[in-house]
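Reader: Could you walk me through how the labels for this one are justified?

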Amino acid sequence: MNATAASEGPTRTSQPRVGLFVTCLVDIIRPSVGFAAVKLLEDAGCKVIVPSQTCCGQPAYNSGDRATAKTLALQAIEAFEDCDYVVAPSGSCGGMLVKHYPDLFAGEPDLAERAERFAEKSHELVSFLVDVLGVQKVAARYDGTVAYHDSCAGLRELGVKTQPRRLLAGVEGLTLVELDQAETCCGFGGLFAAKYGELSNAIVARKADDIRGAKADTVLAGDLGCLLNMVGKLQREGSAVKARHVAEILAGMADGPAIGESQKGPRQ
Amino acid sequence: MNEVATSAHFKENAHEALTDARLQGALGFSRNFVGRRAAAVARLPEFDALRDSARAIKDHTLAHLDLYLEAYERKVRESGGEVHYAQDAEEARQIVIDLCRSMGAMSVTKGKSMISEEIGLNHALEAAGIEAVETDLGEYIIQLRGETPSHIIAPAIHLTAKDVEQEFRKAHRDLPPDRSLAEPEQLLSEARQVLRAKFLAADVGITGANFLIAETGTSIIVTNEGNGDLTQILPQAHIVIASIEKVVPTLEDAAQLLRVLARSATGQDASVYTTLSTGPRRPHDPDGPRAYHVVLLDNGRSAMLGGEFEDMLRCIRCGACMNHCPVYQAVGGHAYGWVYPGPMGAVLTPSLIGVAEGGQLPNASTFCGRCEEVCPVRIPLPNMMRHWREREFERRLSPAPLRYGLGFWAFFASRPALYRLGADLAARAMRLAGRGKGRFSWLPFAGGWTRYRDLAAPEGATFQSQWRARSGAVR
């Protein structure tokens, strides 16, 4: 079913040019999240463009490799130069663009100013829809009980908390339940999940317990990394709980297989 | 020498902790602190404003630390006490032992002190033939077990009541073997009974300090058991051991910091006892020690001033960061391998014992940011852990596979056309390798992930390649 976003925000004389920062994980593992983001942005009246891009540089930044992080940050800043906004379907990559790019160039006035300007126009997808575009409701349908996990960077660096819940509340057929520990980290942490696999597993095992306890059939989040971690654990434990990026639900594009599900067609 | 560190073996330590069923059962308790803190904060609308002023007080003090230390020292002298500066752990231990010997002390009671742990004081006292008895219940228990604290405010949080009962039966052999110790109150009362005799017999009492007040020369301790009071009032001498950053300008400043301390730590509005002590007993005082000494420890802290880790010196040791840390909650404090665990330990340990020894700790974080979110003095803990990773990377201390892997990845990531091509080929190949099952239960080079979790397979062509194909055809 088609979803249309009813924007009640300020009427715009010209269409904002939004550059989609698709993020490596979505680009490679789940392009459908990128298309859901495009649909949400276009329905809200944006002109979406996708400049040639790679990674925001966070893996290097968080590994202590500041030089590579700066190279990749500059590359992204240049690639999105002619966009009014830069929007990422991720609080983690969004946090990198908004909070950490300016930090990276602190002490280099010209670059710092460019990074500042870039940061000001950069947003996480769902908070951009609600806080900047004024979207109040999306006309999507999802028949199921969902729990929303607050991914750490989106929550603590960008203040993404109420926006996804507000839009989910308007999705027909959807029941939203709260996790007991929605704000507790799932244990992903980027390279942490591979470097400290056993520890990461212990943390996500507790998250999986919480998700099962909430009796949701689908867990949602705004970050593919956390979703891969949570559903990877649930599937390994034989749980039938599905995982989807929140954008898929809001765009009404949740007909295909959920994350990590058989691609030969929807199960059951 | 400081206490021996096993921080470099964090991964092995964590493995042991995760596979220790008894420990995993005990760790559940530390999570109670989370709800208690939240409730305490909810009861105090100005809590966030208090955090700002707490931060400002500490920043101001650190900017003028030399002046406030001198002022503090002057006031201690005026009140009849003595101040001793110790550059490192060795010097601090020697000062304390010399003081004890000069007073002919055979037995020492101790209030809870992390500085005592940092300098390994108990072993040194015992080696010098002086009996040292911990009087904080948790510290007493771990002393019996020959362990170090696993939490900075709840040292025995890794133990259950059952563990404590066993320990007491082993240690208190002169008490009736058929006594009941099933209830926590019974354990408490037995510890009281045993410790009472120690309090009365002690020649010297040693405590730490939560704050040192420059304007009055006062040291402040907060406790919930009252053991600190008996430690510092009953013996003939009171020795305070504290690190240099514990000083604050005024009593009013300390009062502000106390308002955030207990709430952040245990969720109490205030600790049960807040005890101020200034100098030795005065002629008209009914009790109190005849001698009062303060040992001020640097041990690497002054080197942190003015550098990128200075913010860490704001820490008031509440433990909120570890209580809220998913890593600490999973493995407990001993896995961190030195004195200070959790996020504050992950930043402080490399500062005090070196990044070569302590560098694992700032790496073992998901950067979830909850520690910074609850820190009463707003220390940017994740950022400082990242700074340590940078120092490590610069010195090529990061593991070789990580450095080469990053280099390989960076080569592609900084060449967008090549990256798009490579990513698209990889995604398509991985979809085929997934054979439509949609996920992998094993992948080469990704064992850290797939040993514990499935990994979703790519849907097929990358987003960028699909978008370009589509734009080429339609737009």
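Author: Sure, starting with the elements: helices (H or I, at least four residues) and strands (E, at least two) are DSSP runs, numbered from the N terminus. On that count, chain A has 13 helices and 10 strands. Bear in mind that this is a predicted model, where local features need pLDDT of at least 70, side-chain atom pairs count only at pLDDT 80 or more, and totals for chains, interfaces and linings use all residues. Residues are numbered from 1 along each chain as its sequence is written, while chains are lettered from A and ligands numbered from 1 in the order in which they are written.

Reader: What makes chain A agree with a compact globule?

Author: The rule is 2.2 Å times the number of residues to the power 0.38, with the radius of gyration taken over C-alpha atoms. For 268 residues that puts a compact globule near 18 Å, and chain A has 18 Å, so the two agree. Its C-alpha trace spans about 55 × 45 × 35 Å along the principal axes.

Reader: Why is Phe21(A) called buried?

Author: A residue is buried if 20 or more other C-beta atoms, placed from the backbone, lie within 10 Å of its own (12 or fewer is exposed, in between is partly exposed). Phe21(A) has 32 such neighbours, so it counts as buried. You'll find Phe21(A) in the loop between β2 (17–20) and α1 (24–28) of chain A. Across chain A, 62% of the 268 residues count as buried.

Reader: What does Phe21(A) touch, leaving out residues up to four places away in sequence?

Author: A contact means C-beta atoms, placed from the backbone, within 7 Å. By that test Phe21(A) touches Gln53(A), Val86(A), Val87(A), Ala88(A), Cys93(A) and Leu97(A).

Reader: Why are α7(A) and α9(A) called roughly perpendicular?

Author: Angles of 65 to 115 degrees count as roughly perpendicular, under 35 as roughly parallel, over 145 as roughly antiparallel, and the rest as oblique. The axes of α7 (125–132) and α9 (162–169) of chain A cross at roughly 75° and come within 8 Å. Therefore α7(A) and α9(A) are roughly perpendicular. On the α7(A) side the contact is made by Val126(A), Ser127(A), Val130(A) and Asp131(A).

Reader: How do you know that the buried residues of α1(B) line one face?

Author: In α1 (10–18) of chain B, the buried ones are Phe10(B), Asn13(B), Ala14(B) and Ala17(B). Seen down the axis of α1(B), they fall within an arc of 100°, so they line one face of the helix. Their cover includes α11 (197–213) of chain A.

Key:
Arc of directions from axis to C-beta. Contact = placed C-beta atoms within 7 Å. Axes fitted to C-alpha atoms, helices over the stretch in contact; angles between N-to-C directions.
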